[in-house]
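Please open the structure in a viewer and keep the selection panel at hand. The tour proceeds by selections, each followed by a description of what is found there.

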2 protein chains.
Amino acid sequence: MTSYEKLEKRFGRLLALREAAGVLHWDASTMIPEGDTSAAARSEQLAALGTVCHEILVSDEVSDFLDEAEELSDLGSWQAANLREMRHIWVHATAVTADLVEALTKASMACKTKWQIARTESDYDGIKPLLAEVLKLVKEVAAAKSNALGCALYEALMDEHTPGLRQDLVDPIFSDIEAFLPDFLAAVLDKQAAAPQPILPQGPFPEVQQRVLGEQLMTELGFDFSQGRLDISLHPFSGGTPDDLRITTRYDETDFTTGLMGILHETGHALYEKNLPKEWRRQPVGEARGMDVHESQSLLIEMQACRSKEFLTFAAPLMKAAFERDGPEWEVDNLYRIYTKVAPGLIRVDADEVTYPAHVILRYQIERALINEEMTLDDLPAAWNEAMHRLLGLIPPDHATGCMQDIHWFDGAWGYFPSYSLGAMTGAQIFATARNADPKILPAISEGDFTPLYDWLGEHIYGLGSLYETPELIERATGKPLDTEIFKHHLQTRYLT
Amino acid sequence: MTSYEKLEKRFGRLLALREAAGVLHWDASTMIPEGDTSAAARSEQLAALGTVCHEILVSDEVSDFLDEAEELSDLGSWQAANLREMRHIWVHATAVTADLVEALTKASMACKTKWQIARTESDYDGIKPLLAEVLKLVKEVAAAKSNALGCALYEALMDEHTPGLRQDLVDPIFSDIEAFLPDFLAAVLDKQAAAPQPILPQGPFPEVQQRVLGEQLMTELGFDFSQGRLDISLHPFSGGTPDDLRITTRYDETDFTTGLMGILHETGHALYEKNLPKEWRRQPVGEARGMDVHESQSLLIEMQACRSKEFLTFAAPLMKAAFERDGPEWEVDNLYRIYTKVAPGLIRVDADEVTYPAHVILRYQIERALINEEMTLDDLPAAWNEAMHRLLGLIPPDHATGCMQDIHWFDGAWGYFPSYSLGAMTGAQIFATARNADPKILPAISEGDFTPLYDWLGEHIYGLGSLYETPELIERATGKPLDTEIFKHHLQTRYLT
């Protein structure tokens with residue numbers, strides 16, 4: 001075997017072990033008994049898996065194989081890309097010591113657990129010491145990785161989620177959106193105030209009916225239940241593995257519309273995983289291309305395809321049938337008003353498409369300032385409230401609806417937030433390109449037929465895995481780099497025309 | 001750290017990884033989507049975990065640490081026992097090559113999959129080539145391990161499931177039972193034919209009601225649902241981990257009695273796991289003491305405690321209430337007749353307490369002869385039918401109810417069967433000792449109070465883990481080695497007086 005082939009074998013095992021961890025994470029959010037001891041045992045299992053994965057990567061052998069393989073001149077193009085991705089995984093693993101990883105895992109676990117209670121009590125002072133410990137360790141990770149990657153501290157954290165993402169890409173995009181939003185938002189709010197108001201269908205909507213409808217629409221979208229499941233968790237997510245997709249939701253019996261769109265969002269994530277290149281399964285080049293592209297695929301399905309009037313034309317009769325209801329609130333125009341309603345709010349996960357970037361920009365500015373020590377945790381609540389007022393004109397009444405609302409920082413996931421809005425913009429750009437390339441895409445969606453869309457996505461996104469780095473993937477698929485004009489055009493078309 | 005302490009760390013990780021595999025196995029029997037690709041991906045994950053576990057054990061370091069630790073004279077008694085168990089795990093792992101383990105895993109997977117269809121068609125010729133491949137590899141394993149353990153081929157296989165078990169213990173026990181059974185069985189059948197016949201309550205018994213009743217009785221028995229679950233699988237089993245117990249059952253809506261007792265059987269397994277010594281968690285000394293002791297604990301709960309008239313006195317009103325029924329078939333005496341009905345049959349898993357050993361003895365004789373090449377797979381069906389006729393007077397009409405009924409051989413699990421009957425005898429002996437030691441045990445059970453029983457079991461079985469080897473555990477707990485007289489006395493008392 002060549003050095004490269006030995007690496008394929010090692011990384012194949014590594015990714016199979018990460019798949020195992022993925023199933024254990026899914027179980028921990030859906031099936032695990034509520035007792036503390038069950039959760040503690042799961043942590044031990046995941047820690048052992050994490051240690052084993054780390055040891056595979058930091059072995060001298062893997063280091064030598066990488067060096068040798070990079071000297072080989074006869075690698076095919078996908079193998080060369082695979083090697084590039086292996087090196088990237090290796091850099092992240094070897095930049096930090098196993099002790100630091102373990103310390104951060106434990107600190108995050110302790111902080112996240114405490115946060116779940118502290119948030120309900122808006123007790124920022126109570127959580128601050130644990131958050132400070134997490135932040136201290138995250139900064140150590142950032143320092144080590146920025147050194148290894150040759151980038152800024154905050155960039156090293158973004159790089160964990162979206163490889164290659166740098167501030168010189170993010171900053172102009174977020175500045176542009178930040179400048180665009182105030183006037184645009186005011187115009188949308190004026191327009192919607194003057195238009196007919198959406199009528200929310202009145203519940204109760206029994207959980208079982210919501211689930212049946214969700215499964216029906218998932219199936220229409222191409223989710224294969226012989227290779228996946230839909231379950232319930234506190235925080236909806238898409239998990240499992242490409243051959244065994246496990247998405248989750250939660251049901252509100254007074255309002256089915258939010259949960260249903262959440263299911264379609266997670267289905268978008270799942271479809272990307274499902275259609276990743278099978279021939280590169282369990283190789284780094286066959287993995288999803290970072291979290292911004294992942295979000296682009298969930299948001300393309302949710303925001304672009306499923307909030308369209310075309311999709312709602314298809315879905316409205318199914319909704320009526322599922323709940324055995326009828327009336328003006330089930331008209332397509334009304335459902336479209338519901339699903340495109342814009343209303344500035346305090347909570348990111350409840351935000352509409354227009355105000356969502358403001359939530360992300362706020363977090364981007366704050367978490368970068370914290371990492372760069374331009375701000376301390378003592379300043380965080382005030383900085384949050386100031387930014388929320390500046391960006392959306394709102395002031396949170398408490399920390400639970402302010403700086404304590406998201407799990408990310410308390411769970412050690414710093415540098416993730418930009419992926420959400422970059423994903424939204426990337427999704428808009430990809431969808432616009434696909435629609436231009438194949439005019440049948442939207443008409444087909446109005447008949448519940450996603451095949452033309454998937455054919456295009458399969459060729460330009462799904463089937464490429466991590467063959468190209470993100471900017472090249474976007475440029476090859478859409479003909480240009482990520483361009484805020486396309487996202488803004490989408491917003492203007494949907495909300496002001 | 002001393003060599004011993006280093007071993008504790010390695011084995012702690014090993015057992016955490018095995019716990020992870022346990023959860024993945026549970027998921028594969030309960031939650032996994034039905035598609036082939038999901039199952040194939042799970043196999044890859046488990047194979048990667050298996051490889052990693054194997055590599056931990058066969059490393060030069062672990063070998064050196066074991067040698068060094070065994071030279072240490074200042075180990076405490078539980079540490080010494082832990083070291084003994086580590087060495088035992090190590091011998092099994094290092095006796096075989098990773099390639100042989102992988103080949104057997106793959107051959108078993110292929111054979112088991114084909115068997116599931118072939119069994120429904122009684123197609124022995126169709127499965128024979130795959131079974132031959134499994135048997136060939138099992139014999140290679142037996143040869144390698146018999147060499148490493150210094151024991152007979154078949155003993156090396158029994159030793160995987162019940163460490164230390166040898167033929168000179170099994171043979172006289174099984175000979176004694178084989179000689180005892182014919183006259184005893186005839187007497188029981190005569191007695192039961194002359195007595196009132198049990199009246200089986202007529203269904204349907206909706207699955208949800210059966211589940212609620214099962215969960216209620218599990219809770220009465222001390223199963224803690226904050227640390228465990230009850231789910232459905234094709235073949236009931238007890239899985240998960242001591243802190244996260246996952247038992248399964250299947251429901252027959254025409255007859256609740258079998259499924260309910262199955263739940264109590266698996267609860268017995270789970271209670272043993274739950275009460276293993278916490279201070280030795282994820283150390284070999286803290287693990288369950290082999291499969292015969294494990295079966296002794298499930299059968300103690302099922303056969304000794306829950307088929308007693310005392311328990312049925314407690315459970316009868318709960319059964320009536322669960323199904324909202326009443327009538328003579330719900331009387332304790334009738335339920336007792338149902339749960340102690342003896343009827344020779346072809347199927348092991350449906351067998352009663354009296355005829356069960358005949359099924360095990362048959363398999364013990366045949367699988368040992370196959371391993372020792374005193375018989376070939378061509379001879380298997382005829383040998384099976386001859387033995388079934390000799391032991392129980394029955395001849396299977398087809399292979400599905402004959403030599404193809406159990407998954408064990410097709411799945412590569414050879415040498416397991418003796419554990420079932422040794423477990424039944426051990427359970428009877430332990431229960432008899434406990435009742436003598438604390439006369440409150442049975443009266444308490446008639447009130448649904450298992451505390452006196454668990455107090456005794458906790459001290460003499462549960463809390464000892466693998467501190468003693470099996471014969472010593474039994475002798476310390478019951479004052480004597482495993483003694484068929486006690487089992488026979490139990491049968492005579494229950495069935496002939």
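The stops below concern a predicted model and pass from a sheet to a chain contact and then to a pair of helices.

**The sheet of chain B**

Begin by selecting β1 (228-232), β2 (238-241) and β3 (residues 244-249) of chain B. These 3 strands form an open sheet of mixed pairing, in the order β1-β3-β2. β1 and β2 of chain B stand at the edges; each has a single partner strand, so one side of each is left without a neighbour in the sheet. From one strand to the next, the twist averages 20°.

Next, restrict the view to β2(B) and β3(B), which pair in the antiparallel sense over 4 bridges. Within this part of the sheet, B:Gly240 can be found opposite B:Leu245 of β3(B).

**Helices on the sheet**

Keep the strands displayed and add helix α1 (residues 3-30) of chain B, which packs on the sheet and touches β1, β2 and β3 of chain B. The direction of α1(B) makes about 135° with that of β2(B). Then add helix α10 (residues 256-274) of chain B: this helix lies across β1, β2 and β3 of chain B and runs at about 160° to β3(B).

**The contact between chains A and B**

Now display both chains. Their contact takes 32 residues from chain B and 32 residues from chain A. On the side of chain B that touches chain A, the elements giving two or more residues are α1, α2 (36-58) and β1 of chain B. Select α2(B) in particular, since the largest share of that side, 10 residues, comes from this helix. By class, the side of chain B comprises 14 nonpolar, 9 polar and 9 charged residues.

How is chain B superposed on chain A? A rotation of 180° with 0.0 Å of shift along its axis achieves this, with an RMSD of 0.0 Å. The two copies are thus related as by a two-fold rotation axis. The same surface serves both copies, as 100% of the contact residues of chain B recur in chain A.

**A helix pair in chain B**

Finally, select helix α8 (residues 167-194) and helix α20 (residues 484-496) of chain B, whose axes come within 11 Å and cross at roughly 5°. Angles under 35 degrees count as roughly parallel, and α8(B) and α20(B) are therefore roughly parallel to each other.

Show the side chains where the two helices meet. The residues from α8(B) include B:Ile173, B:Ile177, B:Phe180 and B:Phe184, while those from α20(B) include B:Lys488, B:Leu491 and B:Tyr495. The residues of this contact divide into 9 nonpolar, 1 polar and 3 charged.

How values were computed:
Residues numbered from 1 in each chain as written. Chains lettered and ligands numbered in written order. Predicted model: local features only at pLDDT ≥ 70, side-chain atom pairs only at ≥ 80, totals over all residues. Pairing = 2+ DSSP bridges. Axes fitted to C-alpha atoms, helices over the stretch in contact; angles between N-to-C directions. Contact = placed C-beta atoms within 7 Å. Nonpolar A, V, L, I, M, F, W, Y, C, P; charged D, E, K, R; others polar. Least-squares fit on C-alpha atoms with pLDDT ≥ 70 in both. Parallel < 35°, antiparallel > 145°, perpendicular 65-115°, else oblique.
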